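The exercises below deal with an interface between two chains. Each task is followed by a solution in steps.

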Amino acid sequence: MNAASDEVLAALARAGHDAAEVYTKRGRSRRVLFTAAGPVASSTQEEGWAIRAGGARGGFFLAGSGAPLPARSWPAPAGPPLRLPEPMPVGDWRQPADLEAPLLAENEARALLEAIARELAAELPGARVQQASLQEGASESEVVSSRGVRAAWRSRAALLRLEAVLPGERRVSAAIDAAERLAHGFAPSALARRLADRLHVLQAGAAPDRDRGEFLLAPAVGARLLLGLLPLWIGPGAAVLSKGLLQRGTRIASDAVTILDDGRLAGGVLAAPVDGEGTPTREITLVAQGEARQPLLPWWAARPPQTRASGCVRRASYRDVPGVGATHLYVRPRSEVSVASLLGGVVRGYYLLDVTGAGAFDLQGDRFTLPVCGFAVQGGRSSAPVRGAWLCGSVTSLLRGVQAAARDLAFFPLDGMIGAPTLLVTGLELRSSSSA
Amino acid sequence: MAQIADQPGDRAEAFFEHRFERLLPAQDEALSPREWCEEGFAVRLVRAGRAWHASRDGLAGTAFIEALRQIARAQPRTALVEPAMPESAEWQEDATPLLEFPRWVERAIRAEHVAFPLRLALRQHARAVLVVGSRLVAERQSERFCSALADLPWGRIGALLPRLDEGAAAALAARLVARFRARFAEPPASGRTTLVLSPDAAAVLLHEAVAHALEADLLSLSGRPEAALGVQFGASCLNVLDSPGAAPETVRRTSDDEGMPVLRRWLLRGGVVEQPLADGTWADASAALLPGAARRGHRHDLPGPRSSHLELLPGESDEAALLVAGDGGLWVNEVDRGALDPWDGSFTLAVPCARRIAAGALGEPVGPFRVRGTVAGLLSSVVAVGRDVRPAGAGWCAKGGQALPVWATVPALCIEGADVEAL
């Protein structure tokens, strides 16, 4: 553990702060960008600390670069009392082997981005990657507190952003973001196909008439819907919010819906033994076959045995005040269900591939709209590309209308890693405008 | 730096940064105050259209040499000597205005005989920047300003303020009261109407529709940036400049984040594009573009062309004349946000509330709506520019994930036949 952190803790104790915590983080990353101005290779090393201290009189937060140092004077704490977690056993945790893997070299990163550009051009002639950014990083974090918490953990993550363009009479563009633990995990052909599909439907598609039917939602669409519904699943306020959506006791969704959050998900980008406060992470079932179980709750909000706590306090960097959030929140896939079997069963409806902008979710008003693109489907086959469409409906219809989940679970870097498999949903509507 | 930039056309710079922020969150929030104090540097080499960049937290000489070696494409002929690094900044920002400001706002609201739930968060920002190039060392730059974020049951209002004083509190309170009074107002009917934009609202419009549209990197998405020169982009009454040197005193700049002297840059003269916003990289690529508009949100970010302080030169219309020109239309006092699609030039402004203009006076409030159109269409529909300029914070700009404050000194303006959509 960092000796400087202990010195700071001692200084805070001498200053009369009953509750004190010192968090430190060191990280390094490499990034390669293809920009309109030319390629850029960048390397970053960050090192910083954050202090939370106070007690019954309130608390304060300080953060800075470098190593933590005892201050000559500390700010006067204010606001609600500061409470910090007690130490808890971490349990069974095996350090991922990939933590030791070297960061991607500049030429490897360049080769990966060039491979994606080549695959895209082959998949959809004329299409090209206009801007791209590939970043891979590793970090080590530590937290010590006056309550006796002493935890250390390491992380790995790679982020990719691609922006592509398809010239023509209707020039269109599309962008995607993806995350993996290691940059080697990105599959150029799959990414290129996703971009190509989206560019094609944006260029060749037409806005739909107001329509209903069966909707097959690709993982990118399912994940964005889940993102819009996060307030229903996270934090102490979630139970109140979801109460209005409950049907017959605790039923909130159809049998096909099981939603989990797992801070230790094997292979997950954010997998760690503890959260940003040093509290052990675990898998928590939020919705089990349509029954609302419990929201994702930090230690201070859980009321055992009715609700269990999970380490779900995130700190993206030393600059961030800890906050409750998802790590890997996802709809459980069904390994026996293929996407092809779901598509083949759609008599008349839509296969929605991606989201084209920000949606609007009014959870109290029980309605949502999400801009989407994809294909119209007749008899299990795509009949026409669709763009400029808005998937609309009530939140209750969405949750209760999920007929099936496929096996192709995919995660997206949204607010945490949010994942969904392809979902078959009924009871929603497609419109050509968000306000129609 | 000269050892690194050792080939013709090379550009190299070291960027040193000290930052301080203090946040006083809303009263019911935990952890108050919150303070951030950071320092670090970035070095960059641009050679033949390619760039290498390395950034580090902290100001250690050994880390600086290691970063220089990383961006140098060959080992320098002589050993790199560890330099004396800039000293750490001792920030001694007075927190008193942060504590007083909520009381001033509350008093100004009470003076309007209204009361409503309000959560107010205030932030002090301070930043000092030193850029060392391969030939020049620019003058040290510093910026100090404040920002406020007010949460009402009817939405969120943000403000950028050069300083926290009673005048700024009164102006913020007026916006809060206007939002309160419009809370149940129905949106206007969708369709075409005349809009009179207050200086605050005009600042957002100009930032989105002129500044972003004339950034070299965004122009390059649809062709060569210099092709925009000479294009009639808006009505002839529009004379728009970016002049960081004329910004409010506490955020005034003499050089940009690449160490280049800033310009009084005519973006539009008589509605015609004269000089897009460019940084050194884009200026190297085209003799028609001038550097001096590079900004970076953080040392770990790459610099890019951005506006700092927009000016719209005054016209001849006083407020009464603008209200006459806008008769039957809407007075827009503030804009929530704007968005420009650089691919097709389409543009939206989200307006939380406005007031009807009838018989040359402000009438009843209206609820939220969106202004839609193309940049060229909207700017060519400007029919009058006010004569009274006012400093205004255009707001935080988050292009490319880099949050930067944007300032403006502009008058009100009138747009005819704007396409509005009720929300």
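**Exercise 1.** How many residues does the contact take from chain B, and how many from chain A? State also the area buried and the residues of chain B that supply the greatest part of it.

Solution. The model is predicted. Step one: chain B gives 39 residues to the contact and chain A gives 42 residues. Step two: about 3100 Å² is buried between chain B and chain A, with 48% of it on carbon and sulfur atoms. Step three: of the area that chain B buries against chain A, 21% is supplied by B:Leu31, B:Asp57 and B:Trp343, more than by any other three residues.

**Exercise 2.** Count the salt bridges and polar contacts across the interface, then describe the side of chain B that touches chain A.

Solution. Step one: three salt bridges are found across the interface. A:Arg319 and B:Glu38 meet in a salt bridge through their side chains, at 2.8 Å from N to O; the cut-off for a salt bridge is 4 Å. Step two: 25 residue pairs are in polar contact across the interface. Step three: at least two residues each come from β2 (34-47), β3 (50-57), α1 (61-71) and α6 (280-285) of chain B. The largest share, eight residues, is that of β3(B). Step four: by class, this side of chain B has twelve nonpolar, twelve polar and 15 charged residues.

**Exercise 3.** Which strand of chain A pairs with β2(B), and in what sense?

Solution. Step one: the partner of β2(B) is strand β3 (residues 58-65) of chain A. Step two: the two strands pair in the parallel sense over four bridges. Step three: B:Trp36 in β2(B) has A:Ala63 opposite.

Terms used. Residues are numbered from 1 along each chain as its sequence is written. Chains are lettered from A and ligands numbered from 1 in the order in which they are written. This is a predicted model: local features need pLDDT of at least 70, side-chain atom pairs count only at pLDDT 80 or more; totals for chains, interfaces and linings use all residues. Side-chain values use heavy atoms; hydrogens and water are left out. Contact means heavy atoms within 4.5 Å. Buried area is the accessible area (1.4 Å probe) that two parts lose on being put together, summed over both. A polar contact is a pair of N or O atoms within 3.5 Å; within protein, one must be able to donate a hydrogen and the other to accept it, and residues adjacent in sequence count only if both atoms are side-chain atoms. Ala, Val, Leu, Ile, Met, Phe, Trp, Tyr, Cys and Pro count as nonpolar, Asp, Glu, Lys and Arg as charged, and the others, Gly among them, as polar. Two strands pair if DSSP finds at least two bridges between them.
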